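Here are my notes on the two-chain model you sent round. They are in numbered points, so you can check each against the structure.

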Amino acid sequence: MHKKIFQSSFLTVFLVLIATIALIMGILFHFFEVQIQTELENEAGYLSQAIEKEGIRFFDGFKKQTNRVTLIDADGKVLFDSDAEAEKLDNHADREEINEALKNGTGKSIRYSQTLTEKTVNYAVKLSNNSILRISTTQYTVITVLLGMLQPILIVLVVALILTLVLSLKVSKAIIEPINQLDLESPENNVAYEELTPLLRKLAEQNQTIKEQLEDAYKKQVEFNLITGNMSEGFLLIDKDASILTYNSAALELFGITPPVNGNVLAICRAKDFRDTISNALAGAKAENIIMREECCYNMIANPVFEKKEVIGAVIIILDITEREKRETLRREFTANVSHELKTPLTSISGFAELMKEGDVSEDMVVDFSASIYEEAQRLITLVTDIIKISELDGKSIPFQSETIDLYELSEEIINRLKGQAEKRNITLNLIGDKTQIIGVRKILDEMFYNLLDNAIKYNKENGTVDFIINKAENDVTVWVRDTGIGIPIFHQSRVFERFYRVDKSHSKQIGGTGLGLAIVKHGAIYHHAETRLESVEGKGTTVTIRFGRESFVGDE
Amino acid sequence: MRNKFDRQLSQLNTELITMGALCEEAIINAVKYLTDSDEHSRDACLAADSQIDEKERDIEIFCIKLLLQQQPVAGDLRVVSAALKMISDMERIGDQASDIVEIAPYVVKSGIEGSTHIRDMADATIKMVSESVESFVKMDMDIAYQVMEHDNLVDELFDKVKDELIKSIAENGRNAEALIDLLMIAKYFERIGDHAENIAEWVVYSITGKHKNPSCYQEQDMRR
C-alpha cells in the first residue's frame with residue numbers, strides 16, 4: 001500500500017509538472033508569435049507609406065535592419081531585396097503570401113526550413129501601384145527553443161523529481177502510518193480512518209468467531225485425547241497410503257514401541273496377518289484378524305473410512321486378548337483332562353466287567369476283578385468329588401458358612417487322619433505352633449490342609465519329615481507346610497497349581513491322586529483372600545506357604 | 001510436484017517393508033519345514049518366494065520410473081538407489097529359502113538329526129533377516145551394525161557345522177548324501193546371512209551416504 005500510494009502520488013506530481021512546462025511553453029510561444037506578427041505589420045505600414053511617397057528610389061541607400069524587405073511587382077518579378085540581389089531571385093508570383101496580398105491587399109505565410117529548426121514569417125502588403133511589399137523575419141521554431149532550453153529544463157525537472165520523490169515518500173508514509181499502527185487483536189478500539197471502521201468491525205467479529213472455533217477444536221482435541229489415551233485398546237488411524245495419522249498410547253504399548261511414531265503403519269508391525277488386514281481395510285472391506293506376537297494374542301479390527309464413496313483411510317482397533325485366549329486354552333485343557341481322567345478308570349471297569357460277563361472266569365479271579373472294579377470306582381468317586389469341589393470354589397454358587405476356626409485344632413485333626421498313611425512310609429509329622437484362630441470356611445480349609453499334607457506325605461521320601469507350622473504375626477497368620485520330599489523341578493513350579501497338571505506326565509497310579517489337589521488349595525486360598533507361595537528344591541523338599549491376611553484375621557480377645 | 005514425490009517415496013517404503021516381511025516369512029517357514037516337516041510351512045515358504053519375485057519386479061520398475069520422472073538428488077537419490085540394491089538381496093534371500101525347502105525333504109527322510117549348531121544357525125539367520133528389515137523400517141543404524149556383527153557368528157557356526165559334517169561322513173559314510181545336503185542347507189543359511197548383512201549395509205548407505213562399515217570391510221577382505 002505504501003508503495004502504491006508513493007507511486008501514484010509521484011506519478012501524478014511528475015505528470016502535472018511536465019504538463020505545466022508544456023503549457024507554459026505553448027502560451028509563451030504563441031504570445032511571441034503574435035508580437036512578431038504585429039511588429040511586421042507595423043513595419044510594413046511604415047515602409048509602404050514611404051515607398052508610396054518616394055517610389056523605388058526609396059531603396060537607394062536603404063540600410064538593412066533586422067527584417068528582410070522585398071519589393072515585387074504585380075507579375076512576381078523581384079524589384080528589390082534587402083538580403084540578395086534582385087536580379088538573381090526567381091519569380092515570386094507563386095508564393096502564398098504574394099498571392100494572398102494580390103487578392104486581399106495583405107497576405108501572410110509561415111515557412112519552415114528544411115531542418116524544422118527555423119521558420120520564416122512573411123507579411124505582404126499590396127501597394128497602390130499593384131506592386132507588393134514583403135517583409136520577412138526569421139525565427140527559431142518551438143523545437144529549436146526547446147532544444148536550446150534543454151539543459152535548464154532538465155535541471156528543473158531533476159530538482160523537481162527529487163523534491164517529488166522525497167515529498168511523495170513522506171506523504172505515503174504519513175498515510176500508511178496509522179494503518180500500520182492498527183491493533184488487530186482488538187480492532188474495534190482503533191480510531192485511524194473512518195473509512196476503515198466497517199472493515200475493522202468485520203475483523204472484530206471474525207476474531208471472535210475464530211477464537212470460539214479454536215476453543216471448540218481444542219476442547220474436542222482434549223476430549224479425543226482423553227478418550228483414546230485411557231482406552232486399554234490400541235487405536236490407530238491411517239490414511240490411504242497407510243501412513244499413521246493418530247495413535248494412542250495403548251497401541252504403542254501393545255506393540256512395544258517408543259514414540260515418536262510417524263510414517264508407515266507397517267513400521268509398527270509387519271506380520272502377514274497385520275498386513276493383510278490393513279490392505280483389506282484400505283480396499284474398502286471391514287477386516288478382522290487375530291495376530292500372534294511374542295506370546296501375546298491380539299484381536300485386530302480394521303474399518304475403512306469413506307469419503308464420497310472413496311476410501312480415505314482406516315481406523316484400526318487392537319484388543320489384547322491374551323488373557324482371554326489363555327483362559328480359553330485352560331478351559332479346553334480342563335475339559336480334555338477331565339474326559340481323559342474319567343475315561344481311564346471307566347475303561348478298566350468296563351474291561352473287568354466284560355471279562356466277568358463272558359463267564360469264563362474262576363471264582364478267585366471274580367473276587368480279584370471285583371476288587372479292581374471297586375478300586376477304580378473309588379478312584380472315579382474321588383475324582384468326581386474333587387471336580388465338584390473345585391467347581392464349587394470356581395462358581396462360588398454355594399454360599400459357604402464362615403466361622404471362627406482354630407487352625408491348630410483343625411490341623412491336629414487332619415494329621416490324625418493321615419497318621420496311618422504316614423506311618424506306612426515311616427514319615428514323621430510335626431505340628432508346630434499355637435492355637436490360632438482365623439475366620440474361614442471349615443470345609444474348604446480342611447480340604448486345603450488335607451491336600452497339602454497329603455501331597456507332602458505322598459511325594460516324600462521314606463523316613464522323611466513333614467512340618468506343619470502355624471505362625472501368628474501382628475495382623476496376619478501364616479501356615480507353612482514343609483516336607484523333605486522329592487521336590488518340584490523349577491520348570492514345573494509355576495504350573496503345579498493348574499488343574500490336572502502333573503510333574504510326572506505318565507499320570508501314574510503308583511502315587512494316586514487326581515491332579516486336582518493343589519488346584520483346590522489355590523482356589524481355597526483365593527476364596528480366603530490368602531496368598532499362596534511355593535518354594536521347592538529338586539531332591540530336597542517343598543515348602544508351601546499360605547498367608548491369611550486381614551480378611552481372615554482374628555485378634556487376641 | 002514435491003508432494004507427489006513424497007507420496008511415491010512413502011509408497012516405495014511400504015513396498016520395501018512388505019518385501020522385507022515376506023523375506024522373514026520365507027526363511028521362518030523354511031526353517032519350520034526343516035524342523036517340523038510341516039507341509040503347510042513349505043507351501044507358505046514357496047508362496048512367499050514367488051511373491052518376493054513379483055515384488056522385486058514391481059519395485060524395480062517403480063524405482064526406475066522414480067529416477068526418470070523425478071530425477072531425485074542427494075538423500076532421495078540414495079534412498080532410491082539403495083532400494084534398487086536391497087531388493088536384489090531380498091530376492092536372493094527368498095530364492096535361497098525356497099532352495100532350502102527343496103532340499104529339506106531328503107534330509108528329513110534320511111532321519112539325521114541336525115546338530116544343535118545348524119539349529120543355532122537357522123535361528124541366527126532368522127534373527128539377522130528380521131533385524132536387517134527392522135533396521136530398514138526404523139532407519140536405525142545401531143540395528144544395522146548389529147546385523148553386520150551377527151554375520152560373523154553365522155560364519156563361525158557354518159565352520160562348526162562343516163567340521164561336524166566332515167567328521168560324521170568320515171565315521172559313517174552311509175548317510176553321506178543327506179549329510180552333503182545338510183551342508184548345502186548350512187551354506188544357504190550362511191548366504192542368507194550375507195544378504196541380510198548387505199541389506200543392513202544399504203540401510204547405512206541410505207542414511208549416511210557411505211557404503212560399508214570400514215572395519216567390516218577389512219574383515220571381509222581378510223576372509224577372502
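1. One term before anything else. A residue is called buried here if 20 or more other C-beta atoms lie within 10 Å of its own, and exposed if 12 or fewer do. Keep in mind that this is a predicted model.

2. Start with helix H2 of chain A, residues 96-104. Which of its residues are buried? They are A:Glu97, A:Ile98 and A:Ala101. These residues cover an arc of only 100 degrees around the axis, which puts them on the same side of H2(A). A:Lys103 and A:Asn104 are on the other side of H2(A), and they are exposed.

3. What covers the buried residues of H2(A)? The cover includes four strands of chain A: E1, E3 (106-112), E4 (118-126) and E5 (132-140). Just after the helix comes A:Gly105, with a positive phi near 95 degrees.

4. Now the sheet itself. It is open and has five strands of chain A, in the order E2-E1-E5-E4-E3. The pairing is antiparallel. E2 and E3 of chain A are the edge strands, since each pairs on one side only. From one strand to the next, the twist averages 20 degrees.

5. Look at E1(A) more closely. With E5(A) it pairs in the antiparallel sense, over five bridges. With E2(A), residues 78-81, the pairing is also antiparallel, over three bridges. A:Thr70 is a handy residue to select. Its bridge partner in E5(A) is A:Arg134, and its bridge partner in E2(A) is A:Asp81.

6. E1(A) and E2(A) form a hairpin with five residues between the strands. In this hairpin, A:Gly76 takes a positive phi near 105 degrees.

7. Two helices go with this sheet. Helix H1 of chain A, residues 2-54, lies across E1, E4 and E5 of chain A. H1(A) runs at about 150 degrees to E5(A). H2(A) packs on the sheet as well, touching E1, E3, E4 and E5 of chain A. The direction of H2(A) makes about 170 degrees with that of E3(A).

8. A second hairpin of chain A is worth a look. Strands E16 (residues 531-537) and E17 (residues 541-548) of chain A run antiparallel and are joined by seven bridges. Across the pair, A:Leu534 has A:Val544 in E17(A) as its bridge partner. Three residues lie between the strands. In the turn, A:Gly539 has a positive phi of about 85 degrees.

9. On to chain B. How many helices and strands does chain B have? Seven helices and zero strands. Along the sequence the pattern is α-α-α-α-α-α-α. Of the 224 residues in chain B, 43% are buried. Among contacts in chain B with a separation of 6 or more, 81% are between residues 24 or more positions apart.

10. Last, the contact between the chains. Nine residues come from chain A and 11 residues from chain B. On the chain B side, helix H1 (2-36) and helix H4 (116-138) are the elements that give two or more residues. H1(B) has the largest share of that side, with nine residues. By class, the side of chain B that touches chain A has five polar, three nonpolar and three charged residues.

Notes
Residues numbered from 1 in each chain as written. Chains lettered and ligands numbered in written order. Predicted model: local features only at pLDDT ≥ 70, side-chain atom pairs only at ≥ 80, totals over all residues. Contact = placed C-beta atoms within 7 Å. Nonpolar A, V, L, I, M, F, W, Y, C, P; charged D, E, K, R; others polar. Pairing = 2+ DSSP bridges. Arc of directions from axis to C-beta. Axes fitted to C-alpha atoms, helices over the stretch in contact; angles between N-to-C directions.
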